[in-house]
Amino acid sequence: KAHPFYGSVSFQDVSFGYDPNRQILKQVNFAVEPGQQIALVGPSGSGKSTLASLLLRLYDPTDGGILIDGRDIRSYKLDSLRQQISVVMQDSVLFAVSIRENITYGRLGATDAEVEHAARLANAHDFIMDLPQGYDTVVSERGGTLSGGQRQRIAIARAAIRHSPIVILDEPTTGLDGASEHAVNEALNRLTQGSTTFLISHNLRAVERFDLIFYIEKGEILERGTHPEL
Ligand code: ATP
Ligand code: MG
């Protein structure tokens with residue numbers, strides 16, 4: 001098994017375009033330490049999700065390089081890289097299998113105790129136990145019996161069981177109502193504890209607690225600092 005990441009991440013003059021004639025990210029530079037919590041804010045279309053997708057190697061930069069623990073991410077095995085980066089997006093997709101399998105997905109051999117621990121961390125255990133079949137309840141891929149916030153909490157449990165050193169959250173509470181947002185945020189705070197975290201958010205209040213905020217516009221980091229500084 002590959003050595004787990006510590007979780008330092010750096011972008012070195014990273015440029016990227018989906019179309020070679022149109023740059024989306026322009027010479028992005030930053031370096032973050034293991035466990036640092038980074039918020040990415042900026043207008044729609046500025047390149048925030050694109051930046052996250054490069055870290056997952058959904059695409060490779062057209063210029064520059066991305067390092068994790070000082071090594072170019074192209075030198076890691078793709079499945080090992082993705083194993084160690086957990087992602088929670090808006091509207092998580094669940095699979096049409098049991099809740100237990102949704103949580104253990106990609107982590108074969110997880111015990112029931114580990115599943116329950118992850119679900120408790122994610123504020124999901126209580127509502128799961130209220131379902132007639134508990135952890136064996138089969139869910140549908142979208143909507144169905146679970147609310148949006150409950151689905152997000154299953155996705156957080158799926159991330160939590162992997163203990164990833166790096167976590168990407170792409171607008172994980174967008175579209176949730178107040179109470180549900182609170183439960184999800186509490187779960188996210190626990191999930192990201194000790195992990196290098198990139199939170200993409202439109203909500204400036206949600207990023208107050210972050211170590212560093214990057215303000216991105218048209219593919220460039222125009223400002224960086226703590227909440228009081230910006
Ligand atoms: P939002 O806040 O709306 O989520 P964002 O900052 O995450 O926006 P991106 O999704 O990274 O922005 O998009 C940046 C630019 O890249 C946009 O102009 C978008 O249209 C374009 N883009 C995003 N994904 C693709 C894709 N798969 N193929 C082509 N162009 C894309
Ligand atoms: Mg986006």
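Q: Is D13 buried or exposed?
A: This is a predicted model, and D13 sits in strand β1, residues 9-16. A residue with 12 or fewer other C-beta atoms within 10 Å falls in the lowest class of burial. D13 has 12 C-beta neighbours inside 10 Å, so it counts as exposed.

Q: What phi does D13 have?
A: Most residues other than glycine have a negative phi. D13 is not a glycine, yet its phi is positive. The value is about 50 degrees.

Q: Where does K218 lie, and what is its phi?
A: K218 is in the loop between β9 (212-217) and β10 (220-225). Its 14 C-beta neighbours inside 10 Å make K218 partly exposed. K218 is not a glycine but has a positive phi, of about 45 degrees.

Q: Which strands stand at the edges of the open sheet of four strands?
A: The sheet has the order β2-β1-β4-β5, with antiparallel pairing. A strand with a single partner has one side left without a neighbour in the sheet, and this holds for two of the strands. They are β2 (25-32) and β5 (71-72).

Q: Which residue of β2 is the bridge partner of F11?
A: Strands β1 and β2 run antiparallel and are joined by five bridges. F11 is paired across to β2 in this ladder, and its partner there is F30.

Q: How many residues of β7 are buried?
A: Strand β7 covers residues 166-170. One of its residues, I166, has 24 C-beta neighbours inside 10 Å and so counts as buried. The strand is largely enclosed by the rest of the structure, because the buried residues among its five number four.

Q: Which residue stands opposite I166 in the pairing of β6 with β7?
A: Strand β6 (residues 85-89) runs parallel to β7, and five bridges join them. I166 belongs to β7. The residue opposite I166 is I85.

Q: Which residue of β8 stands opposite L169?
A: β7 also pairs with strand β8 (residues 196-200), in the parallel sense and over five bridges. Across this pairing, L169 faces L199.

Q: How far is I166 from S195 in space, C-alpha to C-alpha?
A: Neighbours within four places in sequence aside, the contacts of I166 include F5, G7, V9 and Q84. S195 is also in contact with I166, although the two are 29 residues apart in sequence. Their C-alpha atoms are separated by 5.3 Å.

Q: Which helix gives the most residues to the largest nonpolar core?
A: In soluble globular proteins, nonpolar side chains tend to be buried together. The largest nonpolar core here has 56 residues, and those touching the most other members are A118, A122, I156, A157 and A160. The greatest contribution to this core is six residues, from helix α6 (residues 148-160).

Q: Is A157 buried or exposed?
A: A157 is placed in helix α6. Its contacts beyond four places in sequence are I103, A118, A119, A122 and A124. There are 27 other C-beta atoms within 10 Å of that of A157, and the threshold for the most enclosed class is 20 or more. A157 is therefore buried.

Q: How far apart in space are A157 and I103, C-alpha to C-alpha?
A: I103 is among the contacts of A157. The pair is 54 residues apart in sequence. In space the C-alpha separation is 5.9 Å.

Q: How many of the residues around ligand 1 are charged?
A: The shell around ligand 1 consists of Y18, I24, S44, G45, S46, G47, K48, S49 and T50. Two of these residues are nonpolar and six are polar. The charged residues number one.

Q: What is the radius of gyration of the chain?
A: The chain has seven helices and ten strands. For its 230 residues the globule rule gives 17 Å, and the computed value is close to this, so the chain is as compact as a globular protein of that length. The C-alpha trace spans about 55 × 40 × 30 Å along its principal axes. The radius of gyration is 18 Å.

Q: What share of the contacts with a separation of 6 or more is between residues 24 or more positions apart?
A: Buried residues make up 37% of the 230 residues in the chain. Contacts between I166 and S195, at 29 residues apart, and between A157 and I103, at 54 residues apart, are examples of pairs beyond that separation. Such pairs account for 73%.

Technical notes: Residues numbered from 1 in each chain as written. Chains lettered and ligands numbered in written order. Predicted model: local features only at pLDDT ≥ 70, side-chain atom pairs only at ≥ 80, totals over all residues. Contact = placed C-beta atoms within 7 Å. Near = placed C-beta within 6 Å. Nonpolar A, V, L, I, M, F, W, Y, C, P; charged D, E, K, R; others polar. Core = buried A, V, L, I, M, F, W, Y, C linked by C-beta atoms within 7 Å. Rg over C-alpha atoms; globule rule 2.2 N^0.38 Å. Pairing = 2+ DSSP bridges.
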